Amino acid sequence: MNNSGDSEPIAPDDLESRLRALGEDLAVPPAPPPAGVARAVRARIESGEPAPRRAVWRPTPRVAAAAVAVLMAVLLGVTPQGRAAVVSVLRFAGVEIHVGGAGPLPTGVPSPLPGERRVTLEEARRAVRFPVLVPSALGAPADVRVADGGRVVTLLWPGVRLDEYDGTLGVVWRKELGEPWPDQVSAVGGWWIRQPHGVSYMPSGGGTPRQERVAGPTLIWQHNLVGLRLEGPDLEEAVRIARSVK
């Protein structure tokens, strides 16, 4: 220790060195632990049991994925740009349905389908490569059209339109609609679009979609290899008509 007199002033630089030297000279015994703690520690050491570990919560991969999905939904849904970016696609029975981000409904007079012509029901059956189905609930159609080299047959009744096509060859129709998502109709294994929406025809030779127009509520289903879209009636009547197709 420094033996200089206490009355002498200590320079700031010298104060730290003096305190360090004092600390080295002092013998401070360790504070004994409480008796209970000491006995518990000794008993654990003698028994060889490992010290208990603090539980740490780790999310499962499923929980983590759900949390990320919720976070993305929140982030995308809080802004119009985010909502517009959320587009889901449903492909079923030759129809591709885009849900979300739909623009304004089409305007103007729609053009006919490629090569569309008026025929009789028998002529239609000879012109296409799939069976033409007539719902018994509607009876004989008032008008029949064949289009795109026999790719599509359209049967018409007052206020009702039924398009039939090969539902296995790819996308024939494309629909753009906003929320809500179409309703699944288990009675006929199809989908019901409840709101007005834009519909376009995808030509068999490719190229730009044709005849973009506004379609009303529509039932889409498949009967064996034939895709069908029924437009005009409400859901209850549409299901009744669909179930009469044999």
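**Exercise 1. In this predicted model, determine which residues Trp221 touches, leaving aside residues up to four places away in sequence, and place Trp221 within the largest nonpolar core.**

Solution. Begin with the contacts: beyond four places in sequence, Trp221 touches Phe92, Ala93, Leu162, Val188, Gly190, Val226, Gly227, Leu228, Leu230, Ala242 and Val245. Next, turn to the largest nonpolar core, which has 26 residues, and in which Trp221 belongs with Val153, Leu155, Leu162, Val188, Leu219 and Leu230 to those that touch the most other members. The elements that each give two or more residues to this core are strand 4 (143-147), strand 5 (152-157), strand 6 (160-166), strand 12 (218-223), strand 13 (226-231) and helix 6 (235-243), and helix 6 supplies the largest share, four residues. Finally, another core of 18 residues lies apart from this one, with Leu90, Val172, Tyr201 and Ile220 among its members.

**Exercise 2. Classify the geometry of the two aromatic pairs in the structure, and identify the cluster that ring pairs form.**

Solution. Take Tyr165 and Trp173 to begin with: their ring centres are 6.4 Å apart and their planes stand at 65 degrees, so the pair is edge-to-face, given that planes over 60 degrees apart fall in that class. Then take Trp173 and Tyr201, whose centres are 5.3 Å apart with 70 degrees between the planes, which again is edge-to-face. Because Trp173 lies in strand 7 and Tyr201 in strand 10 (residues 197-201), this second pair ties together parts that are 28 residues apart in sequence. Ring pairs thus link Tyr165, Trp173 and Tyr201 into a cluster, and its members are buried, with relative accessibilities of 0% for Tyr165, 1% for Trp173 and 0% for Tyr201. As a last step, examine the charge at Trp173: the charged end of Arg229 sits over the Trp173 ring, 5.4 Å from its centre.

**Exercise 3. Locate Ala93, Asp148 and Pro180 in their loops, and describe the backbone feature of each of them.**

Solution. Ala93, in the loop between strand 1 (88-92) and strand 2 (95-99), has a positive phi of about 50 degrees although it is not a glycine, and with a relative accessible area of 7% Ala93 is buried. Asp148, in the loop between strand 4 and strand 5, likewise is a residue other than glycine with a positive phi, near 55 degrees, and Asp148 is buried at a relative accessible area of 15%. For Pro180, in the loop between strand 7 (173-177) and strand 8 (183-185), the feature is the peptide bond from Glu179, which is cis with omega near 10 degrees.

Definitions and conventions: Residues are numbered from 1 along each chain as its sequence is written. This is a predicted model: local features need pLDDT of at least 70, side-chain atom pairs count only at pLDDT 80 or more; totals for chains, interfaces and linings use all residues. Side-chain values use heavy atoms; hydrogens and water are left out. A nonpolar core is a set of buried Ala, Val, Leu, Ile, Met, Phe, Trp, Tyr and Cys residues joined through side-chain atoms within 4.5 Å. Buried means under 20% relative accessible area, exposed over 50%, partly exposed in between (1.4 Å probe, protein chains only). Contact means heavy atoms within 4.5 Å. Rings of Phe, Tyr and Trp (its six-membered ring) pair if their centres lie within 6.5 Å; planes under 30 degrees apart count as stacked, over 60 as edge-to-face and the rest as tilted. A charge sits over a ring if NZ of Lys or CZ of Arg is within 6 Å of the ring centre and within 35 degrees of the ring normal.
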